[in-house]
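Work through the exercises below with the sequence and the structure at hand. Each task is followed by its solution in steps.

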Amino acid sequence: MKNLFTFQKIYKAYLDCRKNKRNTKNAIKFEINLESEILKLKNELNDQIYTPSRFICFVIKEPMLREIFASDFRDRVIHHLLYIFLEPIFEKKFIFHSYSNRKEKGAHKSIKYLNKFIRQITKKYNNEAFFIHLDIKGFFMNINKKILFEIISKNLKNEKILCLTKQIIFCDPLQNFHKKGDKGLFQLIPKHKSLFYLPNTQGLPIGNLTSQFFANVYLNELDQFVKHKLKAKYYMRYVDDFVILSKDKNELIYYRNEISQFLKYKLALELNPKKQVLQNINNGISWLGYIIKKDYILSRRRVVNNLKRKLNNFNKILEEFEYKQNYQMELYNFKKYPDIKIINKILATINSYYGHFRHANTYNLRKNLYENRFLYIKNYIENKDTNFYSFKIKKDFLKNIKRAKEKI
């Protein structure tokens, strides 16, 4: 057990970690000295002297204002390493219909099964049925660290892994952090959604792999209660959003009351009183950005409006560039073509939204947005197919960029 944390395991964790973080400054620094960095982590972990580095604290605006405490890259490698040890233990304990941050799951898979639930409970839409949609008030900020660690301790016997788990759970980001970005945004975060106003015995930093995984471990207790104690057949959860279907509206009220008590006394959580929906299935179920109707699926208006707003901003950027190119380039020595990084960002954003749309009945929406909202964007990207599923950068633009580079 002396060398539980091997070079090979840490290297595997590094490969997993770098998939989405390879171009960050600290990731590049780690990669330049890869072998020595891994050996250093290996020795620190096996000698149990590892300590987390400084956090970077900032606020993101979308999909809503959120306070983020981002770990250093080397700490993210440790998070992935811990996940490698813990995931096989807990994955077999999770219920099938828990969909967040799990292999072969995800939001779109949950949509598929929610549709299946609706067909089953209504006997292919012939019978009446109801649903209740609930979520947990300030979930990540209200996770009780002591309860979380007790849950994990019951299922984990290895002392070194348990020690590392404890260190990550009880790490207080406020002891070592640096603020970045617009400092004024911090004042807009409600106090109950900020680690700055909570006791250090509760709350996990949003964004870390371990926080996402621990969230599933924590709410697996709820999943087990709903499935095995309440015996709710049609139940699914995505992070702290969950929905239950039933033929009896009163049964759903009973479930809600029992869940409320369980959360309060077992997990120190409470239901969000402002986000409780109990309705007939025929009204449609709002779930993860979609409206699930019995015979079709729509994208929520909020998602569509968010894309429209981003398209407007992108068009303004490109319109301004083309104005400068046509009328002021010689005077101010502007570039002839927009930065490829900007076009790639626009492309990635659009394809992300269109990837969301393609899981709903949105052909007319996708076509209409392209024809009426892309405007200047059409000069740089084009449709990949006739169904408006995704887009690509125009070949002519790429050729022009290449020629411009060759002339430098």
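**Exercise 1.** In this predicted model, decide whether cysteine 171 is buried or exposed, and find how far its sulfur is from the closest cysteine sulfur.

Solution.
- Step 1. The relative accessible area of cysteine 171 is 18%. Buried means under 20%, so cysteine 171 is buried.
- Step 2. The closest cysteine sulfur to that of cysteine 171 belongs to cysteine 163, 13 Å away.
- Step 3. A disulfide requires two cysteine sulfur atoms within 2.5 Å, so the sulfur of cysteine 171 is too far away for a bond.
- Step 4. Cysteine 57 is also buried, at 0% relative accessible area. Its closest cysteine sulfur, in cysteine 171, lies 13 Å off, too far for a bond.
- Step 5. The count of disulfides comes to 0.

**Exercise 2.** Find which residues the salt bridges of aspartate 16 join into one network.

Solution.
- Step 1. Lysine 12 and aspartate 16 form a salt bridge, with their closest N and O atoms 2.7 Å apart.
- Step 2. Aspartate 16 forms a salt bridge with lysine 19 at 3.9 Å between the closest N and O atoms. The cut-off is 4 Å.
- Step 3. Both pairs lie in helix α1, lysine 12 and aspartate 16 being 4 residues apart, aspartate 16 and lysine 19 being 3 residues apart.
- Step 4. Arginine 74 and glutamate 44 also meet in a salt bridge, at 3.4 Å from N to O. This pair links helix α4 with helix α3, 30 residues apart.
- Step 5. Through shared partners, Lys12, Asp16 and Lys19 form one network.

Note on methods. Residues are numbered from 1 along each chain as its sequence is written. This is a predicted model: local features need pLDDT of at least 70, side-chain atom pairs count only at pLDDT 80 or more; totals for chains, interfaces and linings use all residues. Side-chain values use heavy atoms; hydrogens and water are left out. Buried means under 20% relative accessible area, exposed over 50%, partly exposed in between (1.4 Å probe, protein chains only). A salt bridge is a side-chain nitrogen of Lys or Arg within 4 Å of a carboxyl oxygen of Asp or Glu. Helices (H or I, at least four residues) and strands (E, at least two) are DSSP runs, numbered from the N terminus.
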